[in-house]
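Here's a quick tour for anyone meeting this structure for the first time. Have a look at the sequence and the model, and then we'll walk through them together.

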Amino acid sequence: MRTLRLYARDLRVGLPSVRPYLVAALVLGVVHGIAAAGNCAYSGNDLSSFTFADYVALTFQFANPVDLWLLIQGRPLTITFPWFFSFAVLFAATLEYPRADLLGAGYRGVVASGSRWAWWIAKCAWVCTVAAAFWVLLFAGLILTAWAFGAQASEFMSEFAMIMVPASSSTRYPGMSMVPLMLLTVPICASMMLVQLAVSVRVERMPGYLLCMGVFFASGMVEHPLLLGNYLISGRSAGAYVEGLPMNDGLALSLAVAWIAVAVGGLLVSRMTIYGGSRDE
Amino acid sequence: MTVNSIAYAPKRHRASHALRLFSSELERMIVSPWFAVPVVVCLVLVALSAILNHLSYSEWYGYAVQNPSKGYGMESRLMVNYWVGTDLKPSSVALYFLLPLLCLLPGAGSLVEERSSGYQQHALSRLTDRCYYGAKAFACFIAAGLVALVPLAASALAAALVAPYGAPDPISYVFLAVPISWLTPFRDLYFTQPLLFLAVWTLAAFLFSGIWATALLGVSLFVRNATKLFLWGFAAQLFVNYATVALSRLLAQDASRSLDLFTLLVPTGYEGVITSLEGMAASLVVYGGLTLLLPALFFKRRCYL
């Protein structure tokens with residue numbers, strides 16, 4: 001009950017700090033939709049031959065993993081920055097409030113509830129809620145834009161988009177679903193945001209943010225099942241390509257990371273020395 | 001009321017006050033590690049490019065000496081191809097990629113720092129708003145422009161050390177893959193007056209770096225942390241690239257009109273996108289509008305209330 005009350009307080013008090021980011025999610029969804037439509041138009045095909053899943057796949061596309069041999073040969077390094085935008089905004093959304101709350105007014109909440117674990121669990125639940133709300137809004141903006149451009153309401157990729165998405169996998173079967181990738185965005189981002197929460201509360205905000213963005217940057221550069229960002233790249237998704245990374249593995253890994261972040265973060269918070277609005281290690 | 005206030009000084013004294021204020025602001029921006037570090041980083045990247053260019057030119061020169069009949073296109077391996085904006089070396093690409101961030105460091109965050117330190121309150125009690133902001137904005141423009149100008153001018157000197165001066169042969173340039181597209185602005189100068197081509201693109205980099213930093217100085221009225229201003233400014237450039245290329249593709253099925261600095265500063269473009277004169281003009285309007293409108297509308301509200 002204490003946790004629920006603290007969670008309700010977080011939803012109420014923390015909302016103003018994330019409101020600009022939720023608006024940004026909707027705007028990003030629309031911009032991603034326009035960019036995907038631009039790519040579709042640039043490919044020379046009719047816009048009505050593309051599906052909603054194509055828009056999602058083009059939004060989550062990333063260049064092929066870095067090849068050291070090609071780099072040595074002088075080929076430039078390709079980094080797909082638009083893929084990072086959504087994650088950069090989402091991770092920034094939950095960076096300020098939890099730490100400011102613990103070192104400010106939230107300190108009284110911790111004392112009143114009588115449990116640091118309750119405060120910590122409520123913050124974790126708040127972070128997961130923000131992640132879910134962000135992706136719902138982003139996908140709403142994306143799909144509305146796709147609909148406005150006349151895309152077909154289908155969860156399956158078309159053969160046209162299959163050619164456009166960079167993928168290291170050679171086997172491509174049109175008609176595979178993008179829903180698993182969409183569903184994985186919430187658990188994977190929430191798990192990384194919980195890691196960021198633990199680091200930002202115990203150490204500082206920027207190291208936590210850089211750690212998470214670093215993991216996603218490494219994911220883009222290297223295809224490896226332990227790098228969580230790989231599961232959110234359409235060209236490496238088993239939902240789209242037969243040889244892609246299995247979605248179940250991504251879900252299991254994100255749950256494991258989330259569990260460790262909650263446990264370790266909770267232990268750290270319960271052992272912190274907090275003096276009324278400031279912290280003394 | 002202070003005795004030395006510029007606002008109440010005779011008109012003939014105002015210009016000299018403003019000039020002294022500008023030179024003071026410029027000195028504070030230039031004689032500082034925030035100017036020295038980005039310039040040194042840029043010069044290191046220029047030096048790396050020059051070394052790679054020298055190795056490349058020596059290799060081709062060796063082949064040409066051994067087989068004079070083949071030539072190896074030495075008639076087009078000229079100074080203009082070994083400048084950072086045209087040589088396509090990894091360090092040159094890194095230089096142009098970092099320039100929109102590095103040019104912000106000397107002056108774009110000064111308003112934020114002066115607001116938080118209390119310096120601004122003292123300054124505004126002695127100066128008019130226009131004088132204070134105008135001097136700062138102009139100094140910021142010059143300092144940011146110099147961050148671009150110094151390494152690009154140094155690169156032109158380094159290129160002159162690597163290869164001889166001359167106009168590339170329009171017939172052979174195709175076979176040598178000279179990275180000048182049909183869409184590249186001022187491309188005629190490349191084949192007729194190469195030195196003028198380098199000068200125009202160097203001055204374009206000076207202009208756009210300066211105006212971008214001054215625009216961010218206007219945006220800094222709404223920001224409390226200079227580091228966040230720099231990082232969000234850099235991210236904004238990437239986003240502008242993404243959004244304008246997307247719109248160009250959608251509306252005109254053409255990807256040559258990006259408004260970001262990564263594309264505007266370099267004749268070879270960024271990520272396969274090349275700018276155009278229309279894109280340059282639109283960028284000047286957008287960034288110039290931010291530079292003028294934001295302080296005109298919000299300076300009093302953000303700095304006095």
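Let's start with chain B. Its unreviewed UniProt entry carries the annotation "transmembrane region" for residues 30–52, 93–112, 133–163, 195–222, 229–252 and 272–299. Keep in mind that what you're viewing is a predicted model.

How do two of those spans look in the model? Here they are side by side.

| Span of chain B | Distance between end C-alpha atoms | Helix | Strand |
|---|---|---|---|
| Residues 30–52 | 30 Å | 91% | 0% |
| Residues 229–252 | 33 Å | 100% | 0% |

So much for chain B; now over to chain A. You'll find 11 helices and 2 strands there. Follow the sequence of chain A and the pattern reads α-α-α-α-α-α-α-α-α-α-α-β-β. Chain A has a radius of gyration of 20 Å, close to the 19 Å that the globule rule gives for 281 residues, so it is as compact as a globular protein of that length. Laid along its principal axes, the C-alpha trace of chain A spans about 65 × 45 × 30 Å.

What about the inside of chain A? Of its 281 residues, 50% count as buried. Take the contacts in chain A between residues at least 6 apart in sequence: 77% of them join residues at least 24 apart.

Finally, the surface and the charges. Chain A exposes about 12100 Å², and carbon and sulfur atoms supply 68% of that area. Chain A also has 16 positive and 14 negative charges, and the mean positions of these two sets are 17 Å apart.

Methods: Residues numbered from 1 in each chain as written. Chains lettered and ligands numbered in written order. Predicted model: local features only at pLDDT ≥ 70, side-chain atom pairs only at ≥ 80, totals over all residues. Heavy atoms only, no water. Helix = DSSP H or I, 4+ residues; strand = E, 2+ residues; numbered from the N terminus. Rg over C-alpha atoms; globule rule 2.2 N^0.38 Å. Buried < 20%, exposed > 50% of the residue type's maximum accessible area, 1.4 Å probe, protein only. Contact = heavy atoms within 4.5 Å. Areas by Shrake-Rupley, 256 points an atom, 1.4 Å probe, with all protein chains shown as cover. Lys, Arg positive; Asp, Glu negative; His and termini not counted. Charge placed at Lys NZ, Arg CZ, Asp CG, Glu CD. UniProt positions renumbered as here; feature names shortened; annotations may be inferred.
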